[in-house]
Amino acid sequence: MIEPTTVFALYIRCVVRFKFTKSLRYGNSIGKDFEKLKSKTGTMDPKHAQYMRLALIEAEKAGQLDEIPVGAVLVAASGQVLASACNRVITSRDPSAHAEIIAIRQAAQAIGNYRLLNTTLYATIEPCLMCMGAVVHARIKTVVFGAADPKWGAAGSLYHIARDTRLNHQPAVVSGVCAQECRSLIQDFFRTKRNSPTAGSRC
């Protein structure tokens, strides 16, 4: 009669051997899949920060125009910057003149096509419903944003347009890139507005 402890030891040995063999057989493919996932989510992509800093430059331009400091950059799959823009709602007297919308319009003109396939949109603040709607229509592949917008955000905060499977396009979303810089810029802007003598007259 085999002792229970011997049976248990044999069982443990078989389990360990199976897992080790499986890791040898599938380890490389698992690693590759993980690398693909990291690339897709943007967690390990240093280029995101590089392009977000270009969007921050645009956001600073908006602030200098007394616009809410939001900037956007639209990048082709090759890495070429197709368009960069800042908020111009007040200066252009156009409620749709968000940085993202202007960048999308410029990029469509630049490539001669309203379908912006395989492109990435960088925005310093989470895009609103209007901007995410334009992203879906333009078939933009990925949206990367800095700071979340709990009041207007439509890429995960208030709504998550990119996860609505009823739509015919679901862009990938990467959030939190240079978040602190993006958040500080807009917080400083509103703090200055609140402390100015004309506070409450425009924004």
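**Group meeting: one chain, five strands, five helices**

Of the contacts in this chain with a separation of 6 or more, 58% are between residues 24 or more positions apart. Before I go on: what you see is a predicted model.

First, the overall numbers. The chain has 203 residues, and 37% of them are buried. It exposes about 12,700 Å², and 57% of that comes from carbon and sulfur atoms. There are five helices and five strands. Reading from the N terminus, the order is α-α-β-β-α-β-α-β-β-α.

Now the sheet. In what order do the five strands sit? The order is 2-1-3-4-5, in an open sheet with mixed pairing. At the edges are strand 2, residues 81-86, and strand 5, residues 172-174, and each of these pairs on one side only. On average, neighbouring strands are turned by 15° against each other, ignoring direction.

As a reminder, strands of a sheet pair through backbone hydrogen bonds, either parallel or antiparallel. Strand 1, residues 71-75, and strand 2 are an antiparallel pair, joined by five bridges. One residue to pick out there is Gly71, whose bridge partner in strand 2 is Cys86.

On to helix 5, residues 179-195. Helix 5 lies across strand 3, residues 120-125, and strand 4, residues 142-147. The angle between helix 5 and strand 4 is about 60°.

Next, a single residue in strand 3, namely Thr124. Is Thr124 buried or exposed? Its relative accessibility is 1%, and the cut-off for buried is under 20%, so Thr124 counts as buried. What does Thr124 touch, leaving aside residues up to four places away in sequence? The list is Met52, Ala55, Leu56, Ala59, Pro69, Val70, Gly71, Gly146, Ala147 and Cys182. Gly71, the bridge partner of Cys86, is thus among the contacts of Thr124. Another distance for the same residue: Thr124 and Val73 are 51 residues apart in sequence, and their C-alpha atoms are 9.2 Å apart in space.

Last, the surface. Leu54, Ile57 and Val81 make a nonpolar surface patch of about 210 Å². Ile57 belongs to helix 2, residues 47-64. Partly exposed covers the range between the buried limit of 20% and the exposed limit of 50%, so Ile57, at 43% relative accessibility, counts as partly exposed.

To put the two residues side by side: Thr124 in strand 3 is buried at 1%, whereas Ile57 in helix 2 is partly exposed at 43%. That is all I have.

Methods: Residues numbered from 1 in each chain as written. Predicted model: local features only at pLDDT ≥ 70, side-chain atom pairs only at ≥ 80, totals over all residues. Heavy atoms only, no water. Pairing = 2+ DSSP bridges. Helix = DSSP H or I, 4+ residues; strand = E, 2+ residues; numbered from the N terminus. Axes fitted to C-alpha atoms, helices over the stretch in contact; angles between N-to-C directions. Contact = heavy atoms within 4.5 Å. Patch = residues over 30% accessible without salt bridge, like charges linked within 9 Å, V, L, I, M, F, W, Y side chains within 5 Å. Areas by Shrake-Rupley, 256 points an atom, 1.4 Å probe, with all protein chains shown as cover. Salt bridge = Lys/Arg side-chain N within 4 Å of Asp/Glu carboxyl O. Buried < 20%, exposed > 50% of the residue type's maximum accessible area, 1.4 Å probe, protein only.
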